Amino acid sequence: MGEMQNASAMADHFEGIQKLKDPIAGCPNFRRVPGYKVYVCGQPTVAGLEAALTKVCGDIYPKDGKIIWFNLRQEPSLYVNGEPVCARPPNKIGEYAELGNITRDQNKKDEPEFLTVCQGRASANGAS
């Protein structure tokens, strides 16, 4: 994606995001792939991630082994007060954004830069 100084911070959760029955608060559209111990969801909140792990593993996790969590976001993302936000081009707020050939290395570079930009914007607006 690049150019984090021009990126807009977009909240990942919005009214109407939950499309499936039996929601887990903070973990939109959580579901299991039938026949496999593979689970899918939208970008969770910190509390939503905990709730999803509890649903999958019971009250104590991991039960039998490691848990692998893949984040397939194209955009750099971070958490603000436990809520997920992502970097978006200003013309792609509130819509699906196909960002092209995003690589792991690009995201690895962009995420710390996005954090720095967000911290600078918060400080400039009086946040501590």
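The lining of the second largest pocket divides into one nonpolar residue, three polar residues and three charged residues. This is a predicted model. The briefing covers its pockets, an open three-stranded sheet and the largest nonpolar core, which has eight residues.

**Second largest pocket**

- The volume of the second largest pocket is about 170 Å³.
- Its lining is made up of Asn71, Leu72, Arg73, Glu75, Ser77, Asn107 and Glu111.
- Leu72 is the nonpolar member of that lining, because Leu counts as nonpolar.
- Arg73, Glu75 and Glu111 are the three charged residues, because Arg and Glu count as charged.

**Largest pocket**

- The largest pocket holds about 1300 Å³ of space.
- A total of 39 residues line the largest pocket, and those nearest its centre are Tyr39, Val40, Cys41, Trp69 and Phe70.
- By class, the lining of the largest pocket comprises 23 nonpolar, nine charged and seven polar residues.
- At least two lining residues come from each of strand 1, strand 3 (39-40) and helix 1 (46-57).
- Helix 1 gives the largest share of this lining, with four residues.
- Rolling a probe the size of a water molecule over the atoms shows where empty space is left.

**Sheet**

- Three strands form an open sheet in the order 1-5-4, and the pairing is antiparallel.
- Strand 1 (8-11) and strand 4 (77-80) are the edge strands; each has a single partner strand, so one side of each has no neighbour in the sheet.
- From one strand to the next, the twist averages 40°.
- Four bridges join strand 4 to strand 5 (residues 83-88), in the antiparallel sense.
- Val80 has Glu83, in strand 5, as its bridge partner.
- In general, the strands of a sheet pair through backbone hydrogen bonds, in either a parallel or an antiparallel sense.

**Largest nonpolar core**

- The eight residues of the largest nonpolar core are Met4, Ala7, Leu78, Val85, Ala87, Phe114, Val117 and Cys118.
- Strand 5 and helix 2 (104-124) each contribute at least two residues to this core.
- Helix 2 provides the largest share of the core, three residues.
- Nonpolar side chains tend to be buried together in soluble globular proteins.

**Elements that recur**

- Strand 1 stands at an edge of the sheet and also supplies at least two residues of the lining of the largest pocket.
- Strand 5 pairs with strand 4 over four bridges and supplies at least two residues of the largest nonpolar core.

Note on methods. Residues are numbered from 1 along each chain as its sequence is written. This is a predicted model: local features need pLDDT of at least 70, side-chain atom pairs count only at pLDDT 80 or more; totals for chains, interfaces and linings use all residues. Side-chain values use heavy atoms; hydrogens and water are left out. Two strands pair if DSSP finds at least two bridges between them. Axes are lines fitted to C-alpha atoms, for helices over the stretch in contact, and angles run from 0 to 180 degrees between N-to-C directions. On a 1 Å grid over the protein atoms alone, a cavity is a set of points where a 1.4 Å probe fits but cannot get out, and a pocket is an open set with protein on both sides within 12 Å along at least five of seven lines; lining residues have an atom within 4 Å of a point. Grid points are joined across faces, edges and corners, and a volume is the space filled by probe spheres set on the points. A nonpolar core is a set of buried Ala, Val, Leu, Ile, Met, Phe, Trp, Tyr and Cys residues joined through side-chain atoms within 4.5 Å. Buried means under 20% relative accessible area, exposed over 50%, partly exposed in between (1.4 Å probe, protein chains only).
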